[in-house]
Amino acid sequence: MNPYIQYMYSYPHKTAYRPLTGIHLSDYISVMAGKGHGLYLHIPFCQSKCGYCNLFSVTGIEQDEVDRYLDTIERQSRQYQEILESVQTEFSELVLGGGTPLFLTERQLGRTFDILEKHFRFSPKRGLIVETAPNQTTTEKLEILKQAGVSRVSMGIQSFSDRELTALKRQHTAQKARAALELIKAYDFSCVNVDFIYGIPGQTETSLLDSLKEALRFEPEEIFLYPLYVKHGVRMEREGVVLEPESAFVQYRVASDFLRAEGYRQDSMRRFVHQKTARIFSECGFGTSIGLGCGGRSYLGELHFCSPYAITRSACIEHLKEYETTMDFMEIKHGILLSEEEQKRRYIIRHLFIRPGLEQNRYRELFGKDVLEEFPVLREWIEQGFIVQQSDLDAKIYFALTDAGLELSDYLGPQLISPKINQAMCEWSQCKLGFCTALQNS
Ligand code: SF4
């Protein structure tokens, strides 16, 4: 069995999105009424493309091109503001992701926050999350983040071994990452999150542990451990790099045991939160969120949309140009409308794979049925020891992954993909086998 089939961080994947016609944002805006929504701004620029990167990001961009991008963000924000005001939308979370948000100059970063503050309404205690990067982290930029009220910074370190960073085609060095983390610590953000990768060519259990031990010197509140997926279309795929599942699985076990022994609570296959950190659990399956920028995704109930999925520079540039010439952001041209069945699958995927898990009665309230009756595969997973039924202090009953289920999240999760979505994803990647066949054979 291959434990590394697919990371199900959202559902359906963007590769299952298709062109849409006749859909207007105002038709769906009622789901954005009132408080508690998320706003995401995508900055799709990077210093260079990492070997494994399958995100919407472009390199070789000049400052005036970034300015043009921000002009478009402003136009999109103005148009969104008009309809969001009508339903008094208040955002409780703002995320600047990428790409590399700190690729922006100080002036551009300041302008970005000005645009957001001017056009959107935020709750006084909003969470503000920014993705940083070792090479772009400076005192001046951190000062801007601090003044903007950033509550959480996350940084992709990936490894403290220069040899492994080179294998990943990362531009930063281990020393640069250390210096950036020192700086970030000096600013005392409420939460610092660092990402690491395992399964890197040449990486050993010892070198992975060395990286994590070094990370702990900086006392991060959260650590994410990602297996090195080499997806269709990325540079490493062209170079013939593949994830070795057996050695990666051993590395995962060694690393997760280590982090748990060091006082980190494991909330998912990837996420480790230090026990001292207050747990903030929000129902993550049905949250509404608006995305700004090219590559930023919006979730408005049954409607999910964003620009077409792209990885290569030429495809990203093409969509970037389309974005910058868009005059009417109310017309939704690319995305997916989720049937009730797909919404159920999404709900299960978004809850089961992160602790405390999937709440049985909540599912019944939302969908009027028992989740075990609708998805018998969950019964099988109980029998196989991958999930357990357990109650919390409020006597709510959850289906929660056991440790055995947790480490197989990327094997179990894809089994919840519907045949229709699966086919659309396979069409995009021109997979000859079909994902289901690949899964059966694994
Ligand atoms: S992995 Fe992150 S830093 Fe690397 S190219 Fe992709 S978006 Fe940029």
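**Exercise 1.** Is E365 buried or exposed, judging by its relative accessible area?

*Solution.* First, some ground rules: this is a predicted model, where local features need pLDDT of at least 70, side-chain atom pairs count only at pLDDT 80 or more, and totals for chains, interfaces and linings use all residues. Residues are numbered from 1 along each chain as its sequence is written, and side-chain values use heavy atoms, with hydrogens and water left out.

Next, the cut-offs: buried is under 20% relative accessible area, exposed is over 50%, and partly exposed is in between (1.4 Å probe, protein chains only). E365 comes in at 59%, so E365 is exposed.

**Exercise 2.** Which residue meets E365 in a salt bridge?

*Solution.* A salt bridge needs a side-chain nitrogen of Lys or Arg within 4 Å of a carboxyl oxygen of Asp or Glu. R362 fits the bill, at 3.0 Å from N to O. Both sit in helix α11 (residues 360–367), 3 residues apart, so about one helical turn separates them. R362 is partly exposed at 25%.

Helices (H or I, at least four residues) and strands (E, at least two) are DSSP runs, numbered from the N terminus.

**Exercise 3.** How far apart are the closest N and O atoms of R271 and E222?

*Solution.* They are 2.9 Å apart, in a salt bridge. Now place the partners: R271 is in strand β9 (residues 271–274) and E222 in strand β7 (residues 222–227), 49 residues apart. Then check burial: R271 has 18% relative accessibility and counts as buried, and E222, at 4%, counts as buried too.
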